[in-house]
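Trainee: Could you take me through the largest pocket, please? I would like to know which residues line the largest pocket and lie nearest its centre.

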Amino acid sequence: MARQDQTDEEVTIDEALARRLLARQHPQWANLALRPVISAGTDNAIFRLGETMALRLPRLARAAGQVEKEQRWLPLLRPLPLEIPTALGRGAPDRGYPFQWSVYGWLEGENATPERLQDLEEAARALAGFIRALQAIDAGDGPLSGQHNEFRGVPLAEREAPTRQAIGALSTLFDPFRLTEAWEASLAVPPWREAPRWVHGDIQSGNLLARAGRIRAVIDFGLMGVGDPACDLTIAWSLLCGRSRGVFRDALEIDEDSWLRGRGWALSVALVALAYYLESNPVLADLSRRTIEEVLTDFDARR
């Protein structure tokens, strides 16, 4: 759910451009079938290449650095209990296209929305297992959270200005006093004091793949980094609810402060995204609205 910077001009990408890049840099794949993949994501254009690969081309300058980061670090984030992308090739700027780009192995599945999952409690356990395994991987040399990953994993207080701005912008949709109370409850807990850990940075339905009613894969690691792992708890409010949220928390075995920071991350990210995508991206707007409603319901129940 990365938010496009209004000053970041989008590059037009079509099948013809993708074929030209392949022909010049990866001619062994240039004659394979190429089909655009419809996605609500904003950072990349994605094409299915043949039956077993995916072509991923950044649309925005701020997303271009994700290519090198994923190519470097994804091979080290294994083994994990859910599938993750495998990089098969890299491309360079060419033919008027200004960014690096990637070829990945194709992962089968559909976005893991609630209606596509047979059992949300099973999904909660799968997600908790993935997050615990990711956090257990040595993060000593990993990229500290910052501008490269839209600051996912930095101290929650650094989200203060954009969150307050979004609360004001959405005052006709949600009670700003209630939003402020929920936000300040998360701000009040101590920041993460332990060593930084790996974070995906954007665990939400659009970056989870389901097959046969179960979550099978986690994709799009463009916002990964090392920092406060609470930022990966947002899925507890964007996808899970009720008993499944409790199952998720129990499986993670995390402390109260981390849980409340995670809820703050869920609220902040959803507020900023809804304010930005309200008129332009109905899929991300609906996801953000649902997340805010779940956070407020949870906040009201626990205070």
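Mentor: Happy to! The largest pocket is lined by 44 residues, and those nearest its centre are Ser-39, Asn-111, Gly-206, Asn-207 and Ile-219. A pocket here is an open set of points on a 1 Å grid over the protein atoms alone, with protein on both sides within 12 Å along at least five of seven lines, and lining residues have an atom within 4 Å of a point. Two or more lining residues come from each of β2 (44-49), β3 (53-58), α2 (61-73), β5 (101-105), β6 (110-111) and α9 (282-302). These elements are DSSP runs numbered from the N terminus: helices are H or I with at least four residues, strands E with at least two. The top contributor is α9, with 5 residues.

Please keep in mind that this is a predicted model, where local features need pLDDT of at least 70 and side-chain atom pairs count only at pLDDT 80 or more, while totals for chains, interfaces and linings use all residues. Residues are numbered from 1 along each chain as its sequence is written, and side-chain values use heavy atoms, with hydrogens and water left out.

As for the chemistry, the lining divides into 19 nonpolar, 15 polar and 10 charged residues. Nonpolar covers Ala, Val, Leu, Ile, Met, Phe, Trp, Tyr, Cys and Pro; charged covers Asp, Glu, Lys and Arg; the others, Gly among them, are polar. The volume of the largest pocket is about 1,100 Å³, taken as the space filled by probe spheres set on the points, which are joined across faces, edges and corners.

Notes:
1 Å grid on protein atoms, 1.4 Å probe; cavity = no way out; pocket = protein on both sides within 12 Å on 5 of 7 lines; lining within 4 Å.
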